[in-house]
Amino acid sequence: MSNDFLDIIKKQRKLKKTKRFDGTLIEYLELLRKDPDVVKLAHKRLCDSIELFGIHAMDTTDSRNHKIFGGDNIKIYDYFDSDFFGMESIIAKIMRYLKSASLKGEESRQVLLLMGPVGAGKSALTEHIKSALEHANTEYYHIKDCPIREEPLHLIPRSLRAEFETLLNVSIEGDLCPICRHKLINEFDGKYEDMPVIGSTFSQRGRRGISSVPPMDANSQDVSTLIGSEDISKLDLYPEDDPRVLSLNGAFNIGNRGIVEFVEIFKNEIEFLHVILTATQEKRVPSPGKNDMIYFDGILLSHCNEAEWNRFRSQHTNEAILDRIIKINVPYVLELNQEIKIYEKMLGRSDFDVHIAPHTLKIASMFSVMSRLKASQKCDLLVKMKIYNGEDVLEKGRVKKIDIKDLRDEARDEGMSGISTRFITKAIDNAITDTEKSMITPVSVLESLIRQVKEQLIDEEFQKHCLEILQKTVREEYLKILETEIAKAFITAYEEQAQSLFDTYLDNAEAFTTRAKMKDRITKEEREPDELFLRSIEEQIGIVGSSREGFRGDVTAYMFYKMRRGEKVCYKSYEPLKEAIEQYLITSVKDMARIVTKSKTRDDDQQKRYGDMVQTMIDEYGYSEDSAEEILTFASNNLWRDS
């Protein structure tokens with residue numbers, strides 16, 4: 001077996017033996033002559049590293065494209081696509097910042113600040129951005145043994161830079177650090193063309209081009225954390241202004257040419273942040289001791305919570321730093337389907353091995369999303385959640401016309417407060433650990449959420465609001481979902497029956513709208529459209545009286561529009577008609593489903609129907625036997641109480 005281990009080790013070592021560039025400045029210049037794109041400033045390098053993974057436009061047939069984003073040209077960056085959900089607008093703003101900064105706009109001299117509530121994904125997004133430099137594995141070049149790994153072109157004297165820029169088709173920016181300048185003069189006798197240059201890659205663990213500054217209290221803050229220090233042991237050998245006493249191992253030194261992250265930036269005292277002033281606008285940071293300032297080329301990436309941001313900006317003495325910040329809000333996700341994906345991802349990364357019944361994560365996500373929404377006079381929270389999710393909301397058989405942009409304009413800071421993803425995750429985890437049957441259902445998660453709200457939320461008014469959402473809005477919506485699902489499971493060949501009803505309705509509605517006769521499919525005799533049948537479908541969604549004619553015209557026109565575009569037409573094509581057909585089928589079996597579900601002593605026929613229903617729930621909808629039984633028990637105690 002040990003040979004297997006050795007084979008793996010040898011294979012990995014072969015892959016790692018990528019020969020890195022190792023030469024002199026002259027050889028580096030020849031490399032630039034062939035490929036000027038090798039020279040990149042930090043923002044350009046990060047932008048290219050992210051785009052290297054791929055970019056594609058959101059599919060125009062994706063309902064989110066026109067319902068959520070209004071048909072805007074939304075770009076999807078593959079590097080973020082599989083890890084971050086419902087954050088397309090935030091990522092677009094980050095990439096806009098990087099692109100502008102990569103073109104040396106004002107953004108290249110600004111701090112990028114991600115601001116949002118706890119658990120909104122700021123830290124995860126920051127870590128992912130930093131990792132792009134490592135994942136891209138692109139080689140960059142620097143002066144050998146330089147503590148800040150600076151660009152070799154800094155060796156070119158200023159008097160010759162214009163000529164070299166023309167020859168190489170590059171722009172030279174920055175100056176030598178004190179250590180490399182001392183080395184050039186004293187070890188290479190000023191012959192900069194002989195200075196060694198090597199290739200390297202970025203690594204946070206290896207402290208190459210990526211550094212992080214954690215928040216510190218006033219007693220432990222030391223600017224040397226940012227700019228390095230003087231090596232006390234060498235002060236006996238050299239004077240204070242000698243570069244050889246410098247130990248350039250601060251965050252700005254390590255993060256040069258890459259990224260410097262400030263974790264919870266405004267938890268630090270303002271004096272600690274003064275280095276940012278020169279690092280942004282002048283692109284220079286102080287050196288320890290008595291040496292000149294050091295050129296800095298890096299991205300300053302930071303994040304904070306809203307309370308800290310408001311406190312910091314309220315102090316007029318902080319104006320200088322505030323003027324150097326580009327703030328991007330990172331609110332909680334407000335799209336239900338995207339919120340569900342977050343919990344699917346988090347559970348997929350855990351070691352939990354349980355059956356998750358259908359709608360379980362949806363119920364938890366409904367609560368989290370609605371807790372983040374602001375009240376509107378245009379609709380209630382449930383309807384607002386559905387509109388934000390790109391769903392068509394029906395009212396009297398018609399799609400309710402509420403513009404998503406109007407709702408957003410009403411509450412521009414929506415998503416900056418509410419229940420966090422961590423809160424929901426803990427409730428799901430608790431439900432999993434409490435189960436004895438290796439499963440969780442909407443019922444058990446609802447109970448876990450209610451318990452956690454009562455125990456963990458301190459604000460009494462917000463606690464009351466959350467309990468109302470859980471115990472009333474979410475519970476009632478789940479009962480509607482459950483009623484429909486049980487009825488569907490009870491109906492044999494549900495899809496076929498629904499499609500048959502749709503075809504019959506469309507034939508009759510078309511004949512009614514065009515004032516034509518219908519031909520009987522069997523007898524071939526002509527007859528009038530079946531008015532009783534049309535009404536029996538329409539009444540399911542409140543279409544009565546004079547509104548019938550308009551509804552039938554709308555259905556017919558919409559279906560012909562779909563067919564002209566070559567799109568598939570089925571009973572699900574038009575949401576109001578789909579709901580009417582489903583309600584028609586549900587109503588037709590509702591009484592029997594109620595009897596079979598609630599009955600404690602079933603006859604042979606009822607037992608067979610019940611068994612078939614359970615099997616359909618398992619085969620078609622993804623329940624386990626235990627979760628189906630639990631859900632049906634819940635249904636028997638909570639559905640059809642008036643029957």
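Me: I'd like to start with a cysteine in this predicted model. Is Cys146 buried or exposed?

Reply: Happy to help! The general idea is to look at relative accessible area, where anything under 20% is called buried. Cys146 has a relative accessibility of 5%, so Cys146 counts as buried.

Me: Which cysteine sulfur is closest to the one in Cys146?

Reply: That would be the sulfur of Cys180, at 3.5 Å. To call a disulfide, we want two cysteine sulfur atoms within 2.5 Å. The Cys146 and Cys180 sulfurs are therefore too far apart for a bond.

Me: How many disulfides does the rule give in total?

Reply: The count is zero. While we are on cysteines, Cys47 is another one to look at: its relative accessibility is 3%, so Cys47 is buried.

Me: Let's turn to the surface. Which residues form the positive patch?

Reply: In general, a patch like this gathers like charges that lie within 9 Å of one another. Here the members are Lys93, Arg96, Arg313 and Lys327. Try finding Arg96 in helix H6, which covers residues 88-102. Arg96 has a relative accessible area of 54%, so Arg96 is exposed.

Me: And which residues make the nonpolar patch?

Reply: For nonpolar side chains, the joining distance is 5 Å. Phe5, Leu6, Ile8 and Ile9 together make a nonpolar surface patch of about 400 Å².

Me: Where does Ile9 lie, and how does its accessibility count?

Reply: Ile9 is in helix H1, residues 2-16. Partly exposed is the class between buried and exposed, the latter being over 50%. With 37% relative accessibility, Ile9 is therefore partly exposed.

Definitions and conventions: Residues are numbered from 1 along each chain as its sequence is written. This is a predicted model: local features need pLDDT of at least 70, side-chain atom pairs count only at pLDDT 80 or more; totals for chains, interfaces and linings use all residues. Side-chain values use heavy atoms; hydrogens and water are left out. Patches are made of residues with over 30% relative accessible area and no salt bridge: like charges are joined within 9 Å, nonpolar side chains (Val, Leu, Ile, Met, Phe, Trp, Tyr) within 5 Å. Accessible areas come from the Shrake-Rupley method with a 1.4 Å probe; for residues, only the protein chains shown count as cover. A salt bridge is a side-chain nitrogen of Lys or Arg within 4 Å of a carboxyl oxygen of Asp or Glu. Lys and Arg count as positive and Asp and Glu as negative; His and the chain ends are not counted. The place of a charge is taken as NZ of Lys, CZ of Arg, CG of Asp or CD of Glu. Helices (H or I, at least four residues) and strands (E, at least two) are DSSP runs, numbered from the N terminus. Buried means under 20% relative accessible area, exposed over 50%, partly exposed in between (1.4 Å probe, protein chains only).
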